[in-house]
Amino acid sequence: LIARGIYMWLKLGRSKPKVLADELREIAEKQTEEKAEKKKEKLAKREAKIMFSFLKHNFILSAKKGKNYWTCDDKYFIEIMKENNLHSDESYLYEELKKICERNKIGTDIDITYLPGHKLKDYAFYWD
């Protein structure tokens with residue numbers, strides 16, 4: 001009878017039902033991924049404050065020149081991160097930095113240009 005049931009699953013193209021261990025493994029993997037994600041976000045949130053403090057000086061210098069914006073490429077952005085000993089993923093850090101900028105009424109934007117063999121990314125910060 002059991003062999004007949006398995007034969008019917010195979011014949012009808014149905015997969016075997018999941019066993020509890022498979023379901024538990026999936027739950028554990030999902031939890032591990034979520035914890036890692038939250039850890040990255042928490043680090044980026046802390047480091048974005050440091051990054052904003054550093055960028056604030058650039059914003060002031062730009063404003064003193066009569067500009068209502070400041071831009072940098074991703075290489076300079078990463079250089080600033082290294083100088084300030086920041087270890088967040090660049091994209092996570094930018095997302096948290098964007099939130100701080102919004103609270104300070106500073107707009108942000110990323111401009112990505114694809115050239116053959118190159119990807120150019122510029123960060124823009126503006127205040128109107």
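Student: At what relative accessibility does Glu-41 count as partly exposed?

Tutor: Let's start with the cut-offs: buried means under 20%, exposed means over 50%, and partly exposed lies in between. In this predicted model, Glu-41 counts as partly exposed because its relative accessibility is 36%.

Student: Where is Glu-41 placed, and which negative patch residues join it?

Tutor: Glu-41 has its place in helix H2, residues 20-64. The negative surface patch is formed by Glu-41 together with Glu-29, Glu-33, Glu-34 and Glu-37.

Student: Which salt bridge ties together parts that are 31 residues apart in sequence?

Tutor: Good one! A search of the whole structure finds three salt bridges. In one of them, the closest N and O atoms of Glu-90 and Lys-121 are 3.6 Å apart. Glu-90 lies in helix H4 and Lys-121 in strand E3, so the bridge that ties together those parts is Glu-90 with Lys-121.

Student: Is Glu-96 buried or exposed?

Tutor: Glu-96 meets Lys-99 in a salt bridge, 3.2 Å from N to O. Lys-99 is partly exposed, with a relative accessible area of 40%. Glu-96 has a relative accessible area of 9%, and under 20% means buried, so Glu-96 is buried.

Student: Which residue in E3 stands opposite Trp-70?

Tutor: In strand E1, residues 69-73, Trp-70 and Cys-72 point to one face and are buried, while Tyr-69, Thr-71 and Asp-73 point to the other and are not. E1 pairs with strand E3, residues 118-126, in the antiparallel sense over five bridges. Opposite Trp-70 in E3 stands Phe-125.

Notes
Residues are numbered from 1 along each chain as its sequence is written. This is a predicted model: local features need pLDDT of at least 70, side-chain atom pairs count only at pLDDT 80 or more; totals for chains, interfaces and linings use all residues. Side-chain values use heavy atoms; hydrogens and water are left out. Patches are made of residues with over 30% relative accessible area and no salt bridge: like charges are joined within 9 Å, nonpolar side chains (Val, Leu, Ile, Met, Phe, Trp, Tyr) within 5 Å. Accessible areas come from the Shrake-Rupley method with a 1.4 Å probe; for residues, only the protein chains shown count as cover. A salt bridge is a side-chain nitrogen of Lys or Arg within 4 Å of a carboxyl oxygen of Asp or Glu. Lys and Arg count as positive and Asp and Glu as negative; His and the chain ends are not counted. The place of a charge is taken as NZ of Lys, CZ of Arg, CG of Asp or CD of Glu. Helices (H or I, at least four residues) and strands (E, at least two) are DSSP runs, numbered from the N terminus. Buried means under 20% relative accessible area, exposed over 50%, partly exposed in between (1.4 Å probe, protein chains only). Two strands pair if DSSP finds at least two bridges between them.
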